[in-house]
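Work through the exercises below with the model open. Try each task before reading its solution.

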Amino acid sequence: MKYLEIKKDDLIFNIQKLKEHIAPAKIIAVLKGNAYGLDMVKMGHVLLENGVDLFAVSELSEAVALRHAGFENEIILLTPTNNVDEAKVIADNKITATVASINNAKLLNSIGLPVDAHIKIDTGFSRYGFYTEELTEELGSFENITYTGVFSHFSNSFGAEAYSKKQFGEFEKAVEKLSQLGINPQLKHICNSCGAIRFDYARLDAVRIGSAFLGRLPIPNTLGLKRLVSLKCSVGEIRNL
């Protein structure tokens with residue numbers, strides 16, 4: 001028999017360690033890939049019980065599954081949509097959308113329902129997002145969209161810090177440009193797990209934590225996070241050859 005052992009107490013330990021380390025920034029719990037294979041519904045309940053009430057996912061189906069499981073807290077869909085049916089699902093389920101282009105914004109606005117959204121800035125990772133020079137007054141002209149956040153993503157937060165600093169500087173420029181356009185989203189976030197642990201200057205209003213909950217990091221484990229997942233099996237046979 002083989003099974004995956006997940007230690008809930010170690011997850012709670014990791015949550016508390018991370019909260020202490022990144023305070024006063026909020027934690028956005030990234031539950032993509034079914035919470036990295038740990039069951040996003042069960043993990044979501046543990047997170048809520050331990051003071052983490054802001055979730056993010058990559059797929060619309062994941063966000064809808066969390067809503068259908070009874071979660072009423074904010075859920076951010078990190079991937080933008082260019083499909084009108086998906087836009088309606090986002091609005092109907094009160095999911096926070098991502099706007100990564102003017103076309104995204106036009107589509108979300110066109111369905112005629114109020115939608116909260118985070119603006120995605122491309123600072124060098126090249127996975128969706130506006131370049132700073134693409135931010136124009138048109139972005140603020142959509143009456144059905146409320147911009148509640150703005151974010152980007154470090155591409156090498158586990159490596160040399162110089163490029164991450166460059167990305168952070170570009171993000172600051174984009175946020176300033178948005179402010180000049182009269183757009184001032186409340187929640188600013190750029191850090192993933194490694195960035196949140198390493199770069200105190202970049203934590204801003206919130207950080208996105210995923211793999212660090214599992215104690216799985218490509219950087220030195222300076223917080224003493226516990227590896228809470230083990231794949232175990234029974235011994236089938238022992239032979240001397």
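Three exercises follow, each with a worked solution.

This is a predicted model: local features need pLDDT of at least 70, side-chain atom pairs count only at pLDDT 80 or more, and totals for chains, interfaces and linings use all residues. Residues are numbered from 1 along each chain as its sequence is written, and side-chain values use heavy atoms, without hydrogens and water.

**Exercise 1. Describe how α1 and α3 pack.**

Step 1. Locate helix α1 at residues 8-22 and helix α3 at residues 40-49. Helices here are DSSP runs of H or I with at least four residues, and strands are E runs with at least two.

Step 2. Take the geometry: the angle is about 50° and the axes lie 10 Å apart. So α1 is oblique to α3 (oblique covers angles that are not under 35, over 145 or 65 to 115 degrees).

Step 3. List the contact residues (heavy atoms within 4.5 Å). Helix α1 gives Lys8, Leu11, Ile12 and Ile15; α3 gives Met43, Val46, Leu47 and Glu49.

**Exercise 2. Place strand β9 against β2.**

Step 1. Strand β2 (residues 26-30) pairs with β9 in the parallel sense, over four bridges (pairing takes at least two DSSP bridges).

Step 2. Find the partner of Ile27: Val207 in β9 stands opposite.

Step 3. Sort the side chains of β9, residues 206-209. Ala206 and Arg208 point one way, Val207 and Ile209 the other, and all are buried (under 20% relative accessible area, 1.4 Å probe, protein chains only).

**Exercise 3. Characterise the surroundings of Leu223.**

Step 1. Leu223 sits in the loop between β9 and β10 (229-233).

Step 2. Its relative accessible area is 15%, so Leu223 is buried.

Step 3. Leaving out residues up to four places away in sequence, Leu223 touches Lys17, Leu18, His21 and Ile197.

Methods. Buried means under 20% relative accessible area, exposed over 50%, partly exposed in between (1.4 Å probe, protein chains only). Axes are lines fitted to C-alpha atoms, for helices over the stretch in contact, and angles run from 0 to 180 degrees between N-to-C directions.
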